[in-house]
Amino acid sequence: MRVYVSAPGKVTLFGEHAVVYGQPAIVTSIDRRVHVFAEPRSDGAVTIEARDLRTPGVRVTYREGEVTVETDYGLVLPAISYLHKAVEVASSYLGSRHGVKLVVQSEMPVGAGLGTSAAVAVATVAAYAYSGGYELSKDEIARLGWEVEKKVQGIASPMDTSIVTYGGFMRIRYSGEEVERVSLRVGAELPILLAYVEREFRTGDMVRMVRERVTRYPQLYGRIIELVGEVVGAAERALLNHDLEELGLMMNLNHGLLDSLGVSTRRLNEVVYAARSSGALGAKLTGAGGGGCVIALSRPEKMGVVEAVMGFLSEFTMRTSLGSEGVRVEVGEKTGGAALTRTTCLRSSWCT
Ligand code: MEV
């Protein structure tokens, strides 16, 4: 069966890193997606074709008359490893292996901290299972997607794989294998802007660095982690009341705590402070840090100015609407990824 699956990217609004230590976090899906097309192959082989996995960043070094140009295309290989691992995890869960041609395409840059690896993992698990004639529940897809992330990264919380599976706005908390997901009803659009600065470190490196500090100085770093959890509680109330002033304040507080954990960088801080001084109610890094994305909550009438200022200091900016639908599985004739013509939705409850 030919299958077409897509999953959204995500931004963490509050609580990244602290979520790894059992604190709650608030996360939401964005309106950019990863698309995976799967078609069974009769020869049993698994082939992977990556199209348009946008990778940000080009570095040009001039040294003693020599010019070196490096791109972040190295990031494509880790993205492919999520696909490969997803096939392995899904086939071992299903207890059967079949050949498949997988084509992956992304509307977002890979490695920018927008959850592309989780979206690739989740969409590939679903695409592989459905192309072999199996059905999986969202719970199963989220769990297997998390397993893929843990296998590739070493350490991962279920946060990213949960939100890209279910979509919407979510409060998430976990302990061991127990995952508590609460869907949050956020009534109105938020005036949100994203800006990307080149990443200096990978997610796994940042998570390991925080772990070392928490282990070495539990009285200090452990307390910062607990404070982040309290900020998440206050932020949830502000989010549900659509109190933008308070939400902005909580973003600033959360950013300060992330900075004190050591995961911000000079460039991220520059974007954060410039956004605030040009009209944002709040701004913070989002995701693992070490570069990556800044999220700013703008005063609605200041969106243009805030975007221009953030754009000046970053590689690119993006406006996005939040809370889009989670993983979507469809069967039908192949088309060109994002421009897929309508097909049959396998589960009506997933496709509304
Ligand atoms: C990465 O998007 C978020 C972190 O909290 C790591 C994780 O939750 O797996 C830094």
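Hi everyone, this is a quick walk through the ligand site and one pair of helices in a predicted model.

Let's start with the ligand. Which residues surround it? Going along the chain, we meet Lys10, Glu16, His17 and Val19, then Ala156, Ser157, Met159 and Asp160, and finally Val207 and Ala288. If you sort that shell by class, you get five nonpolar residues, two polar ones and three charged ones.

Now, some polar contacts. Lys10 has a polar side-chain atom 3.1 Å from a ligand oxygen. Asp160 also puts a polar side-chain atom 3.1 Å from an oxygen atom of the ligand. With His17 it's a polar backbone atom, and that one sits 2.9 Å from a ligand oxygen. And how much of the ligand does the protein cover? On its own the ligand has 300 Å² of accessible area, and the protein covers 95% of that.

Okay, on to the helices. H3 runs over residues 138–153 and H4 over residues 159–166. Their axes come within 8 Å and cross at roughly 145°, and the crossing is right-handed. On the H3 side, the contact uses Lys138, Asp139, Ile141, Ala142, Gly145, Trp146 and Glu149. H4 brings Asp160, Thr161, Thr165 and Tyr166. By class, that contact has four nonpolar, three polar and four charged residues.

One last thing to look for on screen: Asp160 is part of the ligand's surroundings and also of the H3–H4 contact.

Terms used
Residues numbered from 1 in each chain as written. Predicted model: local features only at pLDDT ≥ 70, side-chain atom pairs only at ≥ 80, totals over all residues. Heavy atoms only, no water. Near = heavy atom within 4 Å. Polar contact = N/O pair within 3.5 Å; in protein donor to acceptor, adjacent residues only side chain to side chain. Areas by Shrake-Rupley, 256 points an atom, 1.4 Å probe, with all protein chains shown as cover. Nonpolar A, V, L, I, M, F, W, Y, C, P; charged D, E, K, R; others polar. Axes fitted to C-alpha atoms, helices over the stretch in contact; angles between N-to-C directions. Helix = DSSP H or I, 4+ residues; strand = E, 2+ residues; numbered from the N terminus. Left-handed = near helix turned anticlockwise from the far one by under 90°. Contact = heavy atoms within 4.5 Å.
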